[in-house]
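Hi everyone, thanks for making the time. I'd like to walk you through one model today, so please have the viewer open and follow along as we go.

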Amino acid sequence: MIVAIAAFAPLITLIGALTTGLLGKKLKEPWAGIIASSAVGLAFVLACLAFIGLTQTDSVRVPLWSYLQAGGFNLSLGFVLDRLSVLMMLIITGVGLLIHVYSLGYMHGDVNFSRYFAYLNLFVTAMLILVLADSYLLTFVGWEGVGVCSYLLIGFWYGERVNANAARKAFIVNRVGDVGFLLAMFTCVLAFGTLNIAEVGEAAQGLESGSTILTVIGLFFLLAAAGKSAQLPLQVWLPDAMAGPTPVSALIHAATMVTAGVYLVARSGALFAQTPQASAAVAWVGAFTAIIAAATAFTQTDIKKILAYSTVSQLGYMFVGVGVGAYWAGMFHVFTHAFFKALLFLAAGSVIHAMHEEQDVRNMGGLAKHLPITHITALVAVLAISGVPFLAGFFSKDAILASAFNSQLVAGYGSHLLYLVLLGGAVMTAFYMFRWYYLVFQGKERFGIEIRQKLHESPRVMTLPLVILAVMSVLAGYFGLPEFMFTNRFELWLAPVTETTASFAHPPLLVEWILMSLSVMASFGGLGYAYWVYALKAGEPAERWAQTLGQFTKFADEAFGFDQLYARLLTRPAERLAAASSTSDKVVVDGGIRSSLTSVGVLSRVFSVFQSGFVRAYALAILSGVALLIVVVLVAGGGQ
């Protein structure tokens, strides 16, 4: 019973959204935020109660309503509260609550304060529906919900065209992925006669491993996941999503939308475990995305866009984790990443707040002494994402590396090469994250005296969430300590959901130690090299490389030309077609209408002569008509 109560969490956050949205400006500024934050806080309490309740049982299903029944086909909808969905609930509501509280300070004074919090609550509602759904149909409802909310929040300041364009881009690119989700559902109905996730997984286990139908469904789900989680080739929307308020970036990148794709693959683990081809495709898409996004992050100068490409890269690691069959490892990185990535974005927001909306890292530097709390907490997050030992990111990233190296599911698809690619990505991550940290907080100040005089630490309502997230960026990793050293609580927790689909094995003890040592070397190697380049050499080697590499640097700065490619193949032809249609509309439709109106006008003027309103004129017309009729009759009679 205590677990089932948590099914009310989406309803509570929806009520919060409706309350703040409908009352709108009738609420004084802080109250809209307080109501919205309280709703998410209550949802978090329910998630904690469900977590406690699941220590006594594996799962609880809460039926909602029978949507459609036809013969043996049943589309009944319900929520399932198991250890995977409740884990996601804790992330969504826990990190979401901190972002809501932070927003109270960040959005202070905004004329659309209430609308902002209504959208934020609605976003949390849609994501909760997505993770709690027991069928792909209801999952798709939440899936579309987060897509709509991301559109509303990315384009929140729609008065500026660039923000509106970014929102449209995110919405349109995600619709491409949605086609994959729809096709996957249609194929599931064709193959299994159901959209219930558990039933699909059970039926998939009864089919031959690697069967064509399973591979097709897996690839369709991969397309859907790539859209939401910004993986190749649909990664182009996420960097532009920085157009929204910074707390929105934190919510999208850390706790909600972008994790949906990883969750979809993990939730469909029973299906993916039966199709090595689709699983290998998931893993390799993630690996290529991780490297390309990391290389792009090297060249960026916007404080938020560097973090955006970092998110794309880290999502690639998660895809590798679930792709190689280590579903717990992929979800473990979702868990740890939620804390240090939310912390990085909120720290960036604190810097932007202090710098009066300045976002170019080339105009920062030396902020550590001006923003001490922001600086320390950001440093913790940088070290965590870089994989420094004893911090959260080290444990989750190491788990993915080890799983990729020893995967049974994709052993025939280059699992060792996958490991090497990710190891190189770990070096790159440490390098560009130290670059971000140093350019923002260390070195000489690169801003004017006017900004220096106004610099101040953010208010407590913003720094308190930073501190809590920093603590969790340290502690979260200890829930999933390596199995060969301690009991892995995280893997054990998810075992009832993932143990039947697990397609990996822990390598021998000596190999584990070697892999962990290489992971540590990658982290410190990247950090050390970045320290030499930026702290000791003042960035001079980086400038020299940029000049030496020339066109490649420009190519990387342009995110390897994906936007330009899509513009050439899709956007410009669509614009030309729209222009041609507009011309045709003006000539054919508008021209035809104008001609018709002209003809009607001429006729109306003619007939208006006879409709003068004078009785004498009408009598004369009648007399003339009668006379004309008599003449015609007489003429006709005389002719006979």
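Let's start in the loop between helix H15, residues 327-354, and helix H16, residues 372-385, where you will find His 356. This is a predicted model, by the way, so keep that in mind throughout. What is the phi of His 356 near? The value is near 55°, which is positive, and this residue is not a glycine. As a reminder, most residues other than glycine have a negative phi. His 356 is partly exposed, because its relative accessible area of 45% falls between the 20% and 50% cut-offs.

Ala 559 is another one to click on. Its phi is near 60°, again a positive value in a residue other than glycine. Ala 559 sits in the loop between helix H24, residues 551-557, and H25. Is Ala 559 buried or exposed? Ala 559 is buried, with a relative accessible area of 12%.

While we're on backbone geometry, please go to Leu 232 and Pro 233. The peptide bond joining them is cis, with omega at about 0°. In general, most peptide bonds are trans. Pro 233 belongs to the loop between helix H8, residues 212-228, and H9.

Now for a helix. H6 covers residues 161-192, which makes 32 residues. From first C-alpha to last it reaches 46 Å, close to the 46 Å expected at 1.5 Å a residue. There is a kink in H6 as well, of about 25° and centred on Val 176. Right after H6 comes Gly 193, with a positive phi near 70°.

H6 also takes part in a salt bridge. Lys 169 and Asp 240 meet through their side chains at 2.9 Å, N to O. That pair links distant parts of the chain, with Lys 169 in helix H6 and Asp 240 in helix H9, residues 237-240, 71 residues apart. Asp 240 is partly exposed, at a relative accessible area of 24%.

How many salt bridges are there by this rule? The count comes to 12. One of them brings together the side chains of Arg 61 and Asp 134, at 2.6 Å from N to O. Here too, distant parts of the chain are linked: Arg 61 is in strand S1, residues 59-70, while Asp 134 is in the loop between helix H4 (113-132) and helix H5 (136-154), 73 residues apart. The two ends have their own surroundings: Arg 61 counts as partly exposed at 41% relative accessibility, and Asp 134 counts as buried at 5%.

A local example is Arg 544 with Glu 540, whose side chains form a salt bridge of 2.6 Å, N to O. Both residues lie in helix H23, residues 540-549, four residues apart, or about one turn of the helix. In general, an α-helix has 3.6 residues a turn, so residues three or four places apart point the same way. Arg 544 is partly exposed at 38% relative accessibility, and Glu 540 is partly exposed with a relative accessible area of 38%. Beyond single pairs, salt bridges that share partners join Glu 144, Arg 175, Asp 178 and Lys 228 into one network.

Back to S1 for a moment. S1 and strand S2, residues 73-82, run antiparallel and are joined by nine bridges. Ala 70 has Phe 73 in S2 as its bridge partner. The two strands form a hairpin with two residues between them, and in the turn Gly 71 has a positive phi of about 65°.

Let's finish with two buried side chains. Thr 125 lies in helix H4 and counts as buried at 5% relative accessibility. Which backbone atom does its side chain reach? The side chain of Thr 125 reaches the backbone nitrogen of Leu 14, at 3.1 Å. Apart from neighbours within four places in sequence, Thr 125 is in contact with Pro 10, Thr 13 and Leu 14.

The second one is Ser 523, in helix H22, residues 509-536. Ser 523 is buried, because its relative accessible area of 1% is under the 20% cut-off. Its side chain reaches the backbone oxygen of Ser 386 at 2.9 Å, and a polar atom of that side chain lies 3.4 Å from the backbone oxygen of Gly 387. With neighbours within four places left aside, the contacts of Ser 523 are Ser 386, Gly 387, Val 388 and Ala 430.

That's my tour, thanks for listening!

Methods
Residues are numbered from 1 along each chain as its sequence is written. This is a predicted model: local features need pLDDT of at least 70, side-chain atom pairs count only at pLDDT 80 or more; totals for chains, interfaces and linings use all residues. Side-chain values use heavy atoms; hydrogens and water are left out. The expected span of a helix is 1.5 Å times one less than its number of residues. The bend at a residue is the angle between axes fitted to the seven residues ending there and the seven starting there. Buried means under 20% relative accessible area, exposed over 50%, partly exposed in between (1.4 Å probe, protein chains only). A polar contact is a pair of N or O atoms within 3.5 Å; within protein, one must be able to donate a hydrogen and the other to accept it, and residues adjacent in sequence count only if both atoms are side-chain atoms. Contact means heavy atoms within 4.5 Å. A salt bridge is a side-chain nitrogen of Lys or Arg within 4 Å of a carboxyl oxygen of Asp or Glu. Two strands pair if DSSP finds at least two bridges between them.
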